[in-house]
Amino acid sequence: MTSCLGYGAREAYGALAPMHFERRALRPDDVAIDIAFCGVCHSDAHQVNNDWNNTAYPCVPGHEITGHVTAVGPEVTRFKVGDRVAVGCLVDSCLHCGPCGDGEEQLCEQGPTATYNGRDRQTGETTLGGYADHIVVREPFVLRVPDSLDPLCAAPLLCAGITVWNPLRRYEVGTGTKIAVIGLGGLGHLAVKLGVALGAKVTVITTSPGKVDDALKLGAHHVLLSSDVKAMQGAANAFDFILDTIPQRHNTNPYLMLLGRNGKLVVVGAIDLLEPVHGGLLIRNNRTLAGSLIGGVRATQELLDFCAEHRVLPECERVEMGAINEAFARMQKNDVKYRFVIDMETLREAAAR
Ligand code: NAP
Ligand code: ZN
């Protein structure tokens, strides 16, 4: 066992505070990683706030982790001490079922082990995430950070990036595909950049007039304000694919009507009940309403390599560990452009205060 310093919450809506806990001793196929950066995902706040009614406390969030290897177990073959590595939302799965065999460990039939608030497959203990100085992860779930990717900027790719990359690839978004991204936040801004890099015509649908210029700077070709009823009606039937990143319960009907023939609307944000879907809207134009859950290890590595090659980088605001509660509050007030990333260099000093 090694002693670990992290930041966690002890109760729903509790402030994140310094916390000491143990990481397991290395198993034969484990990699120990010193954490350099960890992105702040809206899911971290959902989990801390017990929005999904499944949080075990204490809760140490964080699943957008980059760092370097400090030790490896005797069966580890792909990594050595010093390697630049990353960890996303998953730290284990059965590795034997159909989805795992297809590289979709997030859909493991026995249930994947999440990086935080998951259940260790051997001890049953609750997993604790990346708002911490180090982490121990089974080798198949460790990713390689390409040399040309800055580890701070790479962090948001591990959750926000893969969550939008997976549906973009699954629905074959490419040259000339007309796509819309609803919500210009952590996930949404990466969907814009990746959509543009894949050759799509990208429209941002936002609630925030103040983000219009940003959306265009990020590469979007058009912007729609969702409050502008006339503009929304004017975009009826316009898109092949829509990615919906809204983090709250909402009505999808005004967005479904924007899909053209065989169009797909993929929900990745709200896990609350959606407002009733109008069947006629689905039936007309052969529309599909779908969902998507993060992505597997292989696709995440493909994304990291794609971003290194195409210079697709998240827009990050570095935060100190001691400012994490302000960062959570700002994220929940929709005041982040476009992803907070915690610099773990600041952890020890913040905890000593
Ligand atoms: P975020 O950075 O807070 O961005 C969400 C964006 O949605 C906001 O920037 C805002 O964009 C828009 N928005 C916020 N509240 C809204 C409302 N009430 N109505 C309409 N639009 C609203 O969050 P994120 O980190 O991108 O995460 C987005 C959601 O995806 C969260 O619920 C998160 O838990 C979830 N998630 C899902 C997966 C998955 O596997 N499916 C993975 C990661 C995260 P505008 O200002 O442009 O309107
Ligand atoms: Zn996340």
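Here is a short walk through this predicted model, from its annotated span to a zinc site and then a sheet.

Let's start with the record. UniProt, in an unreviewed entry, lists residues 14-342 as "domain: Enoyl reductase (ER)". In the model, that span is 25% helix and 26% strand, and the C-alpha atoms at its two ends sit 19 Å apart.

Now look for the zinc ion, ligand 2. The protein gives it three donors: Cys41 through SG, His63 through NE2 and Cys159 through SG, at 2.0 to 2.2 Å from the ion. Read along the chain, the donors follow the spacing C-x21-H-x95-C. The two cysteines come from distant parts of the chain, 118 residues apart. You'll find Cys41 in the loop between strand 3 (30-39) and helix 1 (42-48), while Cys159 is in the loop between helix 3 (151-154) and helix 4 (160-170). Both Cys41 and Cys159 are buried.

Helix 4 makes a handy bridge to our next stop. This helix lies across strand 10 (178-182), strand 13 (239-244), strand 14 (259-267) and strand 15, and it runs at about 160° to strand 13.

Those strands belong to an open sheet of 6 strands with parallel pairing, in the order 12-11-10-13-14-15. Strand 12 (222-225) and strand 15 (288-291) are at the edges with a single partner strand each, so one side of each has no neighbour in the sheet. From one strand to the next, the twist averages 20°.

To see one pairing up close, go to strand 12 and its partner, strand 11 (residues 201-206): they pair in the parallel sense over 4 bridges. Here Val204 stands opposite Val223 of strand 12.

Definitions and conventions: Residues are numbered from 1 along each chain as its sequence is written. Chains are lettered from A and ligands numbered from 1 in the order in which they are written. This is a predicted model: local features need pLDDT of at least 70, side-chain atom pairs count only at pLDDT 80 or more; totals for chains, interfaces and linings use all residues. Side-chain values use heavy atoms; hydrogens and water are left out. UniProt positions are given in the numbering used here, feature names are shortened, and annotations may be inferred rather than shown by experiment. Donors are N, O and S atoms within 2.8 Å of the metal (3.2 Å for Na, K and Ca); water is not among the atoms, so sites may look incomplete. Buried means under 20% relative accessible area, exposed over 50%, partly exposed in between (1.4 Å probe, protein chains only). Two strands pair if DSSP finds at least two bridges between them. Axes are lines fitted to C-alpha atoms, for helices over the stretch in contact, and angles run from 0 to 180 degrees between N-to-C directions. Contact means heavy atoms within 4.5 Å.
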